[in-house]
Amino acid sequence: MRYPLNVTVNGLRASADVEPHRSLLSVLREEIGLTGPKEGCDDSECGACMVLLDGEPVNACSYLALQTDGRAVTTVEGVAPADGLHPIQRELLAAGGVQCGFCTPGIVMSAKALLDRNPDCDEDDVRHALAGNLCRCTGYQKIIAAVLRAARQPEHGPADRP
Amino acid sequence: MTGTTSVLGQRFVRRDGPEKVTGEARYTADLAFTGLLHAKFVYAGRAHARIVAIDTTEAARMPGVHAVLTQADAPLVRYGMFVKDRTLFAHEVVRFEAEIVAAVAADTPERAAAAAAAVRVEYEDLPAVLDVDAALSPAAPVLHPDWLDYRTQDGVLRAPNDCGHMTSVKGDVDAGFAEAELQLTETYCSDMAHAVPIEPHAVVAQWQGEKVTIWTTSQVPFPARAGVAETLQIPQSNVRIVVPHLGGGFGGKCDFHFEAHVALLARATRRPVRLVFSRREEFLATDKVRHAARIELTTGVKRDGTITARRARLLLDSGAYCGDALFATEIGLMMVAGPYRVPNLYAEVHTVYTNRTPAGSVRAPGGPQTCWAVEQHTDELARLVGLDPLEFRRRNLVRAGDTGQTGQRFVSSSAQRCLDRAAELAGWPGTDLAEGEALGVAVGWWFSLSVPSGAYLKLNPDGTGTIITGAQENGSGSVMGLALLAAEELGMRPEAFSILYQDTDAGPFDIGSAGSQTTFNNGRAVMEAAREVREKLLALAAERLEIHQRDLELVDGSVRVKGAPTRSIPLAEIAAGAQLIGSGSGTPPPLPEHDLTGCGGRLGYSAFAAPSFFCHIARVRVDRETGVVSVPEVVAVHEFGRVLNPLGAQGQVEGGVIQSVGMALLEGSQYDGGHQLNPGLLGYKLVTAPDAPTVTVDFLDDAVDQGGPHGAKAVGEPPVVGTPAAIGNAIAAATGTRVRALPMNAERVWTALHRPSAGAVTAGGEA
Ligand code: FES
Ligand code: FES
């Protein structure tokens, strides 16, 4: 049995008929065609699937797609302004905070949720905001530095709420 | 150097970075195919059993199922890098819990899983062998009764349940012990650990006619191609391996894995088929874990701290198959002396079959475990003779002119310099330590792998360039960094190069992202290709400018007359009218001279080419109530020769250190019988951002160029080798007791603190 899902994704309305057991992650990736969010564990452990749901970070792998009906989802694809990169993205590049890049979409989203809420964050805040994002490549040092630098910049990208 | 300013050693932004931060980068599981089917494997679920019967009829009849295959549907080919001991699907016997018995392709992942669950297999259980000691006892069941019939690489010495043993001998070990005034015997054990790339394995295969294209999460596309061709018995030219972006590997994606299984499913269904591993499968079925090890060390010393002799015995648990495990044993064997003067040595290492998940070359195979054991032992020796750990090391570390365990002569004193610099950065012996805190030190060495490689380079009509390489980017940035080397030769900007990589139909053969070898070997190949283009450019420009080639230089994307910068031609102008193509393979530098008299077995790393050295110092804090250890800081000093891409190299060190903090304190598989008890990221914890120590990194130069491009050495693996050892020594310093098992988790630290003899660290004594 499938049910209709209407959800705003990165500011655009999307709809799909989905089975109740489908995760938000699988619907984003397979039905809506956004492969930025990654599946690293399917169990709320790695954070590679992190998206914002009405501005709050959630693990899309562990969120039922139908629970997002009528709500707004932002994925990594919706973060950069049309003419460039979000400060978090720019600073991650400049700092060398990207290696294999598989964790990066989730890191960008957790960091964005933090900066949107608390642009005055310090190192501890950043570390804790990233507690649910595993990165096996970088050792986190350059990611933390990049997020702190992004926080010190005035613009934090386009509004992601409809 | 060609231009006025070198691009080497400068910060540069990797070419694949922007698509990775925006989410546009496509990884294997992101690719879309028309008519795609989904694969699911059927696993044994038991450690050791004979297959009595397999019944796939019910599974094959289920809705949406297109194929159910077993070994009966595949050529009966035994494969394996060192020992050909394995078939694609289980043949008559299963030897570990996640041995693949059958594979299903269906139109949805759910239907594939349901059909896999419906495959009926009847087993007759056999006695399981679950640890290395039991496996080597004469009474143990032989896990590969036909082992004598298996084909092997040259020089592999084997025995029942031992798929490769070697010995390393130097001097006269009995005489060395006779000379000793004190001696110490210790045993250290490490648990199985995992590579844990955040991207799980994924494979897509699609046939067109006789040819199969396989998109896969491989670190080694060419060996994967060879594996598919060998096991399906088709020519390598009919197999194209493409690796989209790779989400990390750390060795776990080396060797040939599941490509052939998926290709078989795709051939049987004539549809593209995709396999994506769950995290659980990643732990159980990815037959590429870090070896559990048992390391026995006996060392003789004089009262002044001089080491006179060592005996060492390493048992590495290879699991059910050999795979590429001999890398780990051969390297482990070369780590037992450490970077110390050990004039008399007898060491042996065994690669032992058990009914556990097969082991292989996880980042720095054989390194961290052996370095950890040797460096704990080194601190205990220092204690035995009453010397500070740094002073004891200074008295024994190799310097320029000394010889290593196989007689290799060292040309620099980098071990010593790394130690001094790390001590300075860490403030040894730790002046501002809080209650429960202490510092611990570890020193080690590593090699640069010297192997053939290849690349092409062409200039495009607009004056940009394209590098076409066989090299594989695992995320470290080593392939991205090739642009630096090309740019340096051609007076261009690294950003002016695009790179076509990890496609076996495009680039020349390369062993892949293994052995930290990309810059060292493919770097030389790219430079050679660039030089060919450079020669052509200069010849054409000389003609146009009517001047001798030697009076020209390549600067800022143009050819210009030396000393007359206004007389120049942009590269685009020359490239638009000419074919500027180069190819290179670079000549691998030879191994340093060495002497294997008395040694035995296949010694693939009989000397270390362009050896690099490091010293790590960790500060730890131990909570005596709970046994929980935290690590506020690690200092990591490495001598990597010339560092070409400092940002990239720092990233390798920081990432490696944090990975190995996990190995030190958290990461280990627990077993119950033949089953992993913690095959998930909740039970098998990695270091997270809040727990990650601050890493202070410093690089030292090597005065001697040892054959890498511009004097560079291997960078990727050494950073994981030393940290567990430094943390272990710090724990012992903080608690007065030593934890002899890795990981040194809270339970083990607590137990060590509360055992009756806590405080009496060492059972050493008069020789
Ligand atoms: S895939 Fe969602 S947390 Fe790992
Ligand atoms: S960059 Fe590879 S996991 Fe974070």
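Helices and strands are taken here as DSSP runs, a helix having at least four residues and a strand at least two. With that in hand, a good place to start in this predicted model is a stretch of chain B, residues 22–127, where 14% is helix and 32% is strand. The C-alpha atoms at the two ends of that span sit 52 Å apart. UniProt, in an unreviewed entry, lists these residues of chain B as "domain: Aldehyde oxidase/xanthine dehydrogenase a/b hammerhead".

Next comes the meeting of the two chains. Interface size is often quoted as the accessible area that is lost when the parts come together. For chain A and chain B, that buried area is about 3,700 Å², with 57% of it on carbon and sulfur atoms. Chain A brings 42 residues to the contact and chain B brings 51 residues. Polar links are there too: 30 residue pairs, both at pLDDT 80 or more, are in polar contact across the interface of chain A and chain B. The interface also has five salt bridges. In a salt bridge between side chains, A:Lys142 meets B:Glu654, at 3.2 Å from N to O.

Which helices of chain A each supply at least two residues of the side that touches chain B? They are α1 (24–31), α2 (87–95), α3 (104–117), α4 (123–129) and α5 (141–151). Of the contributions to this side of chain A, α2(A) makes the biggest, with five residues. Sorted by class, the side of chain A facing chain B holds 20 nonpolar, 13 polar and nine charged residues.

At the start of chain A, A:Met1 falls in the segment before β1 (3–9). Because its relative accessibility is 74%, and exposed means over 50%, A:Met1 counts as exposed. Even so, A:Met1 has some company: apart from neighbours within four places in sequence, it touches A:Val18, A:Glu19 and A:Pro20. Between A:Met1 and A:Pro20 the C-alpha to C-alpha distance is 7.7 Å, though they are 19 residues apart in sequence.

Over in chain B, helix α9 (residues 326–334) is another story. Eight of its nine residues are buried, so helix α9 of chain B is largely enclosed by the rest of the structure. The buried ones are B:Leu326, B:Ala328, B:Thr329, B:Glu330, B:Ile331, B:Gly332, B:Leu333 and B:Met334. What do the buried residues of α9(B) pack against? Their partners in chain B are the strands β7 (162–170), β14 (307–319), β15 (345–353) and β16 (437–446), together with the helix α10 (367–385).

Conventions:
Residues are numbered from 1 along each chain as its sequence is written. Chains are lettered from A and ligands numbered from 1 in the order in which they are written. This is a predicted model: local features need pLDDT of at least 70, side-chain atom pairs count only at pLDDT 80 or more; totals for chains, interfaces and linings use all residues. Side-chain values use heavy atoms; hydrogens and water are left out. Contact means heavy atoms within 4.5 Å. Buried area is the accessible area (1.4 Å probe) that two parts lose on being put together, summed over both. A salt bridge is a side-chain nitrogen of Lys or Arg within 4 Å of a carboxyl oxygen of Asp or Glu. A polar contact is a pair of N or O atoms within 3.5 Å; within protein, one must be able to donate a hydrogen and the other to accept it, and residues adjacent in sequence count only if both atoms are side-chain atoms. Ala, Val, Leu, Ile, Met, Phe, Trp, Tyr, Cys and Pro count as nonpolar, Asp, Glu, Lys and Arg as charged, and the others, Gly among them, as polar. UniProt positions are given in the numbering used here, feature names are shortened, and annotations may be inferred rather than shown by experiment. Buried means under 20% relative accessible area, exposed over 50%, partly exposed in between (1.4 Å probe, protein chains only).
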